[in-house]
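This report considers the cysteines, the ligand site and the confidence of one model. The structure is shown first, and the discussion follows.

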Amino acid sequence: MTAEQPIRKEMPPAERVRLLRQLERKLLWLSAWMIHHANHVRPNRDGLKVGGHQASCASVISIMAALYFEILRPQDRVAVKPHAGPVFHAMNTLFGRQDRAKLATLRQFGGIQPYPSRIKDGPEVDFSTGSVGLGVALTTFGSLVQDYVHLHGMARPDIPPGRHVAIVGDAELDEGNIYEALLEGWKHDVRNVWWVVDYNRQSLDSVVPDRLFGRIEGLFRDMGWNVVTLKYGRKLQAAFARPDGDALRRWIDDCPNSLYAALTFQGGAAWRNAVLADLGRSEGVRAIIDPLTDDELAELMTNLGGHDIETLTEAFRAQDAAGDQPTCFIAYTIKGMGLPFAGHKDNHAGLMTKEQMAAFRADMRIRDGHEWGPFEGLDAGEDELRAFIAESPFARPLAPEGRRLHAPAVHVPATFAPPRVAPGRKLSTQAAFGEILAEIGRGQGEANELGQRIVTTSPDVTVSTNLGPWVNRRGIFDRHMRNDVFRDAKLASAQRWGMAPEGQHIELGIAEQNLFLLLSALGLSHQLYGARLLPVGTVYDPFVNRGLDALIYACYQDARFLLVSTPSGLTLAPEGGQHQSVNTPLIGIAQDRLASYEPAHADELAVLMRFAFEHMQKPDGSAVWLRLSTRALAQPERRLDPEGVVAGGYWAVPPEQGARIAIAYQGPVAAEAMEAFAELRSEEPGAGLLAITSPDRLHAEWLAARRARRTGQGARASSIERLLAPLAPDAAIVGVLDGHPAAHAWIGAVRGHRMVPLGVDRFGQAGDIPDLYREYGLDTGAILDACAEALLPA
Ligand SMILES: Cc1ncc(C[n+]2csc(CCOP(=O)(O)OP(=O)(O)O)c2C)c(N)n1
Ligand SMILES: [Mg+2]
């Protein structure tokens, strides 16, 4: 059978719908019970509410049932709205991909996470979600990366290209990053993306304003998307087709979201009063409504498109056949559908009481002790349901290794040569970065495997972060050939900006969140698309903050990439305070799954770039971050020990045993530190000069070594402990970096040395380096003053 072949066409549609409804029922039960169990059945030791979102789950049951049992193919990749995590896990249980016993561990230590997590929940999760909006947008970038992989001939022959589907909470569309991604997606002509909006018109606090979606629909269309609105289900449509049915339709159309929600919560009698108050004189409407019991009327009035499995399946199928245009489905739903708090505005974190659950259980016909049974309480037989699920396209395995693909590592040469620097020439780390990357880009074809697998990207700062020479060699990626107009017209420019499917740079607009979302998708390519990519993203260091949540999100998914942030710090002098980053070294220390470095010299940078390409491919590796500078420094002539550079620090000048003082520097203030050190040594010949390339790595290794010692799992001292060992026990260390001094302050705690951290703790401002370093206490004088003070007897 091929991936495209329709399945189960022999089964009569009514039969299929019957079974799908049974499975919907099961998903509703299992998701609600998982949350109830976690909150009310499992022992609670600390009195904290465990939580969970029964209403958010209930809202999306039909949408997920239609997608997973009818539409999705193994090669499709899905981002499930965070609060539907329990439905996702229940679904996997039905597919036999989630251990049934695990369902009882929702929100428990070592158990199922509240929101789907690639790292913690395992290979069935395509995209982690949790910070709303990010998972949705990531599908767009996933699709772009899938195209990249296929157009570069790197795709696995056994896996056809898939569709990227986001199951979206309507409030997610309030997040700005959604619109940034829409714009970027339009520029890149992204396709094969579906966003299915669970339009329950409720967020966390409240019911969302009416009319908003009219606007949003237009926005999608403007961005080249198809919009399919699924407002009413079969039953309501049939009612609308009867005499005066159009009046009923108009009444619902005009009903404010909050009133509709309140009536849903109140039920049939309230619906009857409200409708008849307005339309009681219409014979046709009465003929529709009067014969119905309260329950039947409530069912009719809440028969929305997003709860009607036939409407959903049909719409998805039609769109599936229509091609690869990105499509937004707006599926009207009711939050909490089928549960006692359906429609209530406070239902987001609401939980069914024990009494409500008992009634729900009776309704679902679940026997005591059979709560987790995948087919318990259903009318259809277990065998026919199992067979039905097994025949879903999504039940087929994606690849022998499962949904998380394997891709071989790319060989990284043993050394990268630092740029050659003529005697007397100064060089910045940013310039060196451009040169090293351009050198890697020099060799074409198969022989240069490393060069082929690197893909660069930048949010409109490609040239100003020195990616230009690389881009000139490797070209810009686009699904279509686009000529460089300036070049064609023979207008002089240092940049060649022709675009082609074989290009290796993805140019983005300024939105930094898009950079990190793209790095996420590129950095998961080996697992999602079976092709190893080595992504390199550049950004101005202060604007890491603008994309920070998306960067954290990328790390949370364990995406692998090299982030190069440059220029950084006060050293950017004339650009002023908004461009001078202060907090980024602290982010580097605090961020998990991101090894952060700030080299001072080009030879260190060469070591670190090589390390990065290797580290990002190791199973226990991570993404890597290099904080660089445009300040050109004289380059030392020396043989570097790469190990110390990678570990995060080494003695540029080792201290004598028992030395009373050392200077520790990081980044471009190396020049001032070296000058101060030369003077210090005339007074203190035993003093040491410590080059810090990564407070993050030193700190992380120190914590890990302490943990290992505490738990008896290793006695080895960490790098920083070994480095500081020669100093006298009461020695002083004057640390200096162009960033927040807290990045170094902890070093004093390693062996109890007197740490004097110099750095920047206020907004910067425009100036030149001498003025700014003096003002903020980073210049040679300030370092020497700090040394003198530290050497005074206490
Ligand atoms: C970035 C971010 N901000 C806030 C939250 C807290 N939060 C979780 S869900 C939610 C509302 C979600 O509403 P919607 O997307 O409509 O989901 P549903 O109605 O389906 O539950 C909020 C504000 C979050 N998870 N992420
Ligand atoms: Mg909502």
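## Cysteines and disulfides

A search of the whole structure, which is a predicted model, finds 0 disulfides. A disulfide is a covalent bond between the sulfur atoms of two cysteines.

Two cysteines may be described individually. Cys 57 has a relative accessible area of 1%, and Cys 555 likewise has a relative accessible area of 1%. Because the limit for burial is under 20% relative accessible area, Cys 57 is classed as buried, and Cys 555 is classed as buried as well.

## The surroundings of ligand 1

Ligand 1 is surrounded by 18 residues, of which Ser 56, Lys 81, His 83, Asp 170 and Lys 335 are the closest. Sorted by class, this shell comprises 9 polar, 6 charged and 3 nonpolar residues.

Polar contacts involve both backbone and side-chain atoms of the protein. A polar backbone atom of Gly 130 lies 3.0 Å from a nitrogen atom of ligand 1, and a polar backbone atom of Ala 171 lies 3.0 Å from an oxygen atom of the ligand. Lys 335 contributes through its side chain, where an N or O atom is 2.8 Å from an oxygen atom of ligand 1. On its own, ligand 1 has 590 Å² of accessible area, and the protein covers 76% of it.

## Model confidence

The average pLDDT of the chain is 95, and 99% of the residues score at least 70. Residues 1–6 have a pLDDT that stays under 50. For this segment, the model has 9 contacts beyond four places in sequence.

Key:
Residues are numbered from 1 along each chain as its sequence is written. Chains are lettered from A and ligands numbered from 1 in the order in which they are written. This is a predicted model: local features need pLDDT of at least 70, side-chain atom pairs count only at pLDDT 80 or more; totals for chains, interfaces and linings use all residues. Side-chain values use heavy atoms; hydrogens and water are left out. pLDDT is the predictor's confidence in each residue, from 0 to 100. Contact means heavy atoms within 4.5 Å. A residue is near a molecule or strand if one of its heavy atoms lies within 4 Å of it. A polar contact is a pair of N or O atoms within 3.5 Å; within protein, one must be able to donate a hydrogen and the other to accept it, and residues adjacent in sequence count only if both atoms are side-chain atoms. Accessible areas come from the Shrake-Rupley method with a 1.4 Å probe; for residues, only the protein chains shown count as cover. Ala, Val, Leu, Ile, Met, Phe, Trp, Tyr, Cys and Pro count as nonpolar, Asp, Glu, Lys and Arg as charged, and the others, Gly among them, as polar. A disulfide is a pair of cysteine sulfur atoms within 2.5 Å. Buried means under 20% relative accessible area, exposed over 50%, partly exposed in between (1.4 Å probe, protein chains only).
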